Amino acid sequence: MAEGTAPAPPIRVDAISRRFGRTLALDGVSFEVRDREFFALLGPNGAGKTTLLHILCTVLRPDSGQALIRGLDVVRQPLAARRLLGIVFQEASLDDRLTVRENLDLHGLVFGVPGALRRRRIDEMLALVELTAWADRTTRTLSSGMKRRLEIARALIHDSEILLLDEPTAGLDAQSRERIWSYIRRLRGERHITVLVTTHYIEEVEGCDRVCIVDRGRVLALDAPETLKRTHGGQMLRIVPRGDDDRRAILGRFADRLKGEAGDAILLASDDAFVEAFLADCGRRIRSMTVEIPSLETVFLTLTGRALRDQSAGESERTRAFGRRGGEHTR
Amino acid sequence: MTAAAPTPSLAPVSRRSPVLVQLGGLYGLWLREVKRAVRDRGQLVGGFSRPILWVLILGIGLNPYFRGEVYGEVTFVVPFTYLQFIFPAVVALNIMYTSVQSAISVIWDREFGFLREVLVSPLSRSTVLLGKVLGGATVAMAHGSLVLVLARFADVPLTWGTVAKALGVMAMLALALTSLGIVIANRIRSFEGFGVFSNAVILPLYFTSSSIFPLDPALTRAQTRVVYPDWLVTLVEYNPLTYAVDTLRGVLIHYNQFDPRLGLLIMAVAGIVLFTIALLDFRRA
Ligand SMILES: Nc1ncnc2c1ncn2[C@@H]1O[C@H](COP(=O)(O)OP(=O)(O)OP(=O)(O)O)[C@@H](O)[C@H]1O
Ligand SMILES: [Mg+2]
């Protein structure tokens, strides 16, 4: 790797591919995250976000390509790379029989943070995520939002300067989600830290520095949210035609503007002048019409031709369900 | 973007030596196992009730029948009571249950994600595994020691020297059995309960280890096979636990059916081999 005067970027991903059986989870993904950036990976379920994060945090090997954390190859220097990373996995990884503080303390021990510093950081991070009052509660008794906050705090107990968050807000209510984002924002003001976050909530990535849109293991676009909206967003008309004749007529007439079809609706690229012209022309052929202002949603729609898909259940659900039901005392 | 100076305590950690990091992590993982066990009511109840049932109820109940003269004719002449005889075996039983139970928790660590947290730490795989094994073995030894408390009811006189030696043997047994449990747990993809384990692994091993009945010391090898069916004698002789229990019995009631060094050797070899297998599994996973 060519070393300039500037330090290596926090994250560099170079033509990474990874296959699971027949599924090509990652297909030549490349990008670079800049220093202190707030970087979002946006993609539907199965896009390959988690796979990419697992490669970055050294628990999964890529089939080909290279991933560098501050210039450290995650395959050849995993231990050194891990020291720089703070990770919040998509699925909880707390010991729910330990207390909040014990979970943090264990993390500090495991990462070799000396005693006095460990205790000070635990207090600071508990304060940051507002869990100080819960420090001596068993983790099992926390709400899922609190567990998420605890995991974020935990990722910051050691010298992490790159925070990887895999869907930190998935499954949480609006209030908890907003809280988590506010902690991350505050943290970025206080500590020299680069944040890479994955999500499939489009509205959440508006505040990021740059968004990387991935689908089916490929990078579709990467830019600041505003730029993405300008270049790919565009205004769109969502039209539901009255009948099949009307549908054919509209499709025939505006084939060059067609962006896609979603159920009954037809999506057409549009602007203010076009709306007027369209109404004058085909006003009687439509049942309903919505003007979609440029948003990341329309960017996504434009790039993939479909909306973000829904969630599905995990694999070893049976064993987990058993454990969750109270399972055996062995848990 | 604000370029505020990082708060002083967030400045980089002074680099600890790698050995210290591994040792600290080992301590943390060990402590976790112990804390979890202390908070596990079900496991504690089992740890207390099992020896009480075996020693006080079964042992005292069967004690009179153990003497040959019950039937008016002396068949076996043994220098100990039945209670004394099964006492070391109950120690082993308690260790066995607890070791395997601790080892099973690797399934939960895997399914509930805790394992991931450790896998992205700077700890080596062998440190992680050793933490688990040492933690599980410590808890198992504690449960084994609970049985020692009942020694006076079983007429087993304990001196400090005996206790120290017994603890040594118990530690070896606990380490080997915890490793065994982990090797088994690693091969299980879906887990529905501990009952399967106790029925398929623990009890068969226990019952065929010459734990609850002795192969008569006064009889020769050939005679033994006349008194007991061939297959049973063979099972007992091939069961490694037989030799471990025998060594412990030698320490506690000074009675050995085999060379006590054989038990130590088997436990040491089994412990090392099983730990190595567990480590290879873990590295591959
Ligand atoms: N361990 C695995 N074995 C087999 N296939 C896998 C495995 N992990 C991921 N995949 C497949 O790889 C693809 C990408 O999965 P990945 O978990 O990276 O998606 P994701 O973007 O994180 O999705 P989500 O939003 O649901 O978390 C999916 O098709 C998934 O089924
Ligand atoms: Mg995912």
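Two residues are taken to be in contact when heavy atoms lie within 4.5 Å. In the predicted model, A:Phe111 meets this criterion with residues of both chains: A:Arg82 and A:His158 on one side of the list, and B:Val21, B:Val120, B:Ser121 and B:Pro122 on the other, leaving aside residues up to four places away in sequence. A:Phe111 is located in the loop that joins α3 (100-110) to α4 (115-128) of chain A. With a relative accessibility of 8%, below the 20% limit, A:Phe111 is classed as buried. The C-alpha atom of A:Phe111 is also 7.5 Å from that of A:Arg83, although the two residues are 28 positions apart along the chain.

The helix that precedes this loop, α3(A), packs against α5(A) (residues 144-155). The axes of the two helices are 9 Å apart and enclose an angle of about 30°. Because this angle is under 35 degrees, α3(A) and α5(A) count as roughly parallel to each other. The crossing of α3(A) and α5(A) is right-handed. On the α3(A) side, the contacts are made by A:Val100, A:Asn103, A:Leu104 and A:His107, which meet A:Leu150, A:Ala153 and A:Arg154 of α5(A).

Chain A also contains an open sheet of four strands, arranged in the order β2-β1-β4-β5 with antiparallel pairing. The edge positions are taken by β2 (23-33) and β5 (72-73) of chain A; each has a single partner strand, so one side of each lacks a neighbour in the sheet. At the β5(A) edge, pairing with β4(A) (residues 64-69) is antiparallel and comprises two bridges. A:Ile69 has A:Leu72 of β5(A) as its bridge partner. Helix α1(A) (residues 49-56) lies across β1 (11-20), β2 and β4 of chain A, and runs at about 120° to β1(A).

A further antiparallel pairing, over five bridges, links β9(A) (residues 210-215) to β10(A) (residues 218-223). Within this pair, A:Val211 stands opposite A:Asp223 of β10(A). The hairpin formed by β9(A) and β10(A) has two residues between the strands, and A:Arg216 adopts a positive phi near 50° there.

At the level of domains, the assignment for chain A gives domain 1 as 11-229 + 313-323 and domain 2 as 235-293. The C-alpha centres of domain 1 and domain 2 of chain A are separated by 41 Å.

Definitions and conventions:
Residues numbered from 1 in each chain as written. Chains lettered and ligands numbered in written order. Predicted model: local features only at pLDDT ≥ 70, side-chain atom pairs only at ≥ 80, totals over all residues. Heavy atoms only, no water. Buried < 20%, exposed > 50% of the residue type's maximum accessible area, 1.4 Å probe, protein only. Pairing = 2+ DSSP bridges. Axes fitted to C-alpha atoms, helices over the stretch in contact; angles between N-to-C directions. Domains from an automatic or database assignment. Parallel < 35°, antiparallel > 145°, perpendicular 65-115°, else oblique. Left-handed = near helix turned anticlockwise from the far one by under 90°.
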